Amino acid sequence: MATDSWALAVDEQEAAADSISTLQIKDTLEENGTAGSTVNKTEESSTAAKSEPDAPTKTTDEDEKDDKAAQSLLNKLIRSNLVNTTHQVEVLQRDPNSPLYSVKSFEELRLKPQLLQGVYALGFNRPSKIQETALPMMLAEPPQNLIAQSQSGTGKTAAFVLAMLSHVDPNKKYPQCLCVSPTYELALQTGKVIEQMGKHYPEVQLVYAIRGNKLQRGMKLQEQIVIGTPGTMLDWCIKFKFIDPKMIKVFVLDEADVMIATQGHQDQSIRIQRTLPKDCQMLLFSATFEESVWNFAKRIVPDPNIIKLKREEETLDTIKQYYVQCTSKEEKFQALCNIYGAITIAQAMVFCHTRKTAGWLAGELSREGHQVALLSGEMQVEQRAAVIDRFRDGKEKVLVTTNVCARGIDVEQVSVVINFDLPVDREGNPDNETYLHRIGRTGRFGKRGLAINMVDSKFAMNVLTRIQEHFNKKIEKLDTDDLDEIEKISS
Ligand SMILES: Nc1ncnc2c1ncn2[C@@H]1O[C@H](COP(=O)(O)OP(=O)(O)OP(=O)(O)O)[C@@H](O)[C@H]1O
């Protein structure tokens, strides 16, 4: 296929994606004026969050698009620290005979002093678990390829940013590192980390290869690091030749699991990769590692070392589970009020099936005098981040949300989870995984948690029974008209 025809196809694809969404980025996110960033922000929009502010209230979870990119951005926006992890690192070396290095301090990595200063300025005292093993591999000579998987917030971004900054030659004024991110906003977030970590290394410059950042035809980029989305990056390499791919030393593909969720991104990334020299270091990161991600990773990264951080098994062992039998949503609301009247609940998350129910319930609860936060799919990502942030700070005591909206978001201090509606999939079958994930968050770190399920129909009772069977754990019946009985559950 001629270069121009596929580039046109990419353009059309991106334009179509852009027209769906209208995410506004807060000023704080757009402060990218430093380190030579040449970004034209006026034309940007994104596929990260498909918000529909004027759309009528939808009634099914189906409408609440499980948008991985939005979720990932949300987690980044609200996170101020490393995720607490006791996970084990699993390492698969390309050459099992070569010694495996891991470092316990940043000094051991012999970083450039400007970069060490940047690391400390960010408040990092020591490498995170994934960084302990990944950094020596990434900084090794000759460079090693790496596929790394660990949950969000474990320090992957900081690790590859440090690797890119370490590998560039600031005296050479052309691109040497390419970093591909699934969306404009995620690229911007990574760019921010590059700017912060490279704060004391101003000779290294960064440019954003994103739609709307229009460069003059025929120009050659002078910045050493280019970060962007696959379509534009590909154009800049092949169609416009702003970048000479043959000079690239490090290629990073971030958020591979999000990347493959967008049609076309996979092909574009592979096409970029094919233009790079054989000895270019290929690094791929992903929060999850299902088969599709793995297949993609293998095509992008030849002869990889592989690092995996195992996710902690969620368990229902430390959680007391109850159900309350009702006949309507009004009765469920009353039961909820009774529970609140009888026991002191530090913070609770209440899950509803639809946005409509969530909105209604939040309204009723605040009329009862509760400090309620509502997290809903129609909110823009940044509004959602603000809501979670306030809840995490304890400004609100109850967070009402829908399952889709809150998936993958960790609020660890919650002591009670209430399933106002039980989680079901689109066919109406019990969604055991979501149940475990919702409930599992209450019993973290050995603390005892409490989960209360509201049942208002034969259908819901059947779902509950199947959940019980699946986990082989009894869910006790709770009579919410009996205050003594409710009091007992909190002891
Ligand atoms: N060694 C470290 N010490 C302290 N904080 C760190 C360290 N490494 C990273 N962090 C901080 O922890 C948070 C998560 O790190 P980072 O964004 O690199 O994780 P991630 O695995 O890339 O997550 P995501 O997949 O969501 O991007 C950030 O706020 C980052 O500044």
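**Reading a ligand site and a core**

Biologist: Which helix gives the largest share of the shell around the ligand?

Modeller: Helix α6, residues 156-167, gives the largest share, 3 residues. Helices here are DSSP runs (H or I, at least four residues), numbered from the N terminus. This is a predicted model: local features need pLDDT of at least 70, side-chain atom pairs count only at pLDDT 80 or more, and totals for chains, interfaces and linings use all residues. Residues are numbered from 1 along each chain as its sequence is written, and side-chain values use heavy atoms, without hydrogens and water.

Biologist: How many residues surround the ligand?

Modeller: A residue counts if one of its heavy atoms lies within 4 Å of the ligand. Here 19 do, and the closest are K76, R126, S152, G153 and T157. The shell divides into 5 nonpolar, 10 polar and 4 charged residues; Gly counts as polar.

Biologist: Which backbone atoms lie 2.9 Å or 2.7 Å from a ligand oxygen?

Modeller: Look for polar contacts, pairs of N or O atoms within 3.5 Å. A polar backbone atom of G153 is 2.7 Å from a ligand oxygen. For G155, a backbone N or O atom lies 2.9 Å from a ligand oxygen. The protein buries 86% of the 620 Å² that the ligand exposes when taken alone (Shrake-Rupley method, 1.4 Å probe).

Biologist: What does M164 touch?

Modeller: Contact means heavy atoms within 4.5 Å. Leaving out residues up to four places away in sequence, M164 touches C177, C179, I194, I225, V250 and V252.

Note on methods:
Polar contact = N/O pair within 3.5 Å; in protein donor to acceptor, adjacent residues only side chain to side chain. Helix = DSSP H or I, 4+ residues; strand = E, 2+ residues; numbered from the N terminus.
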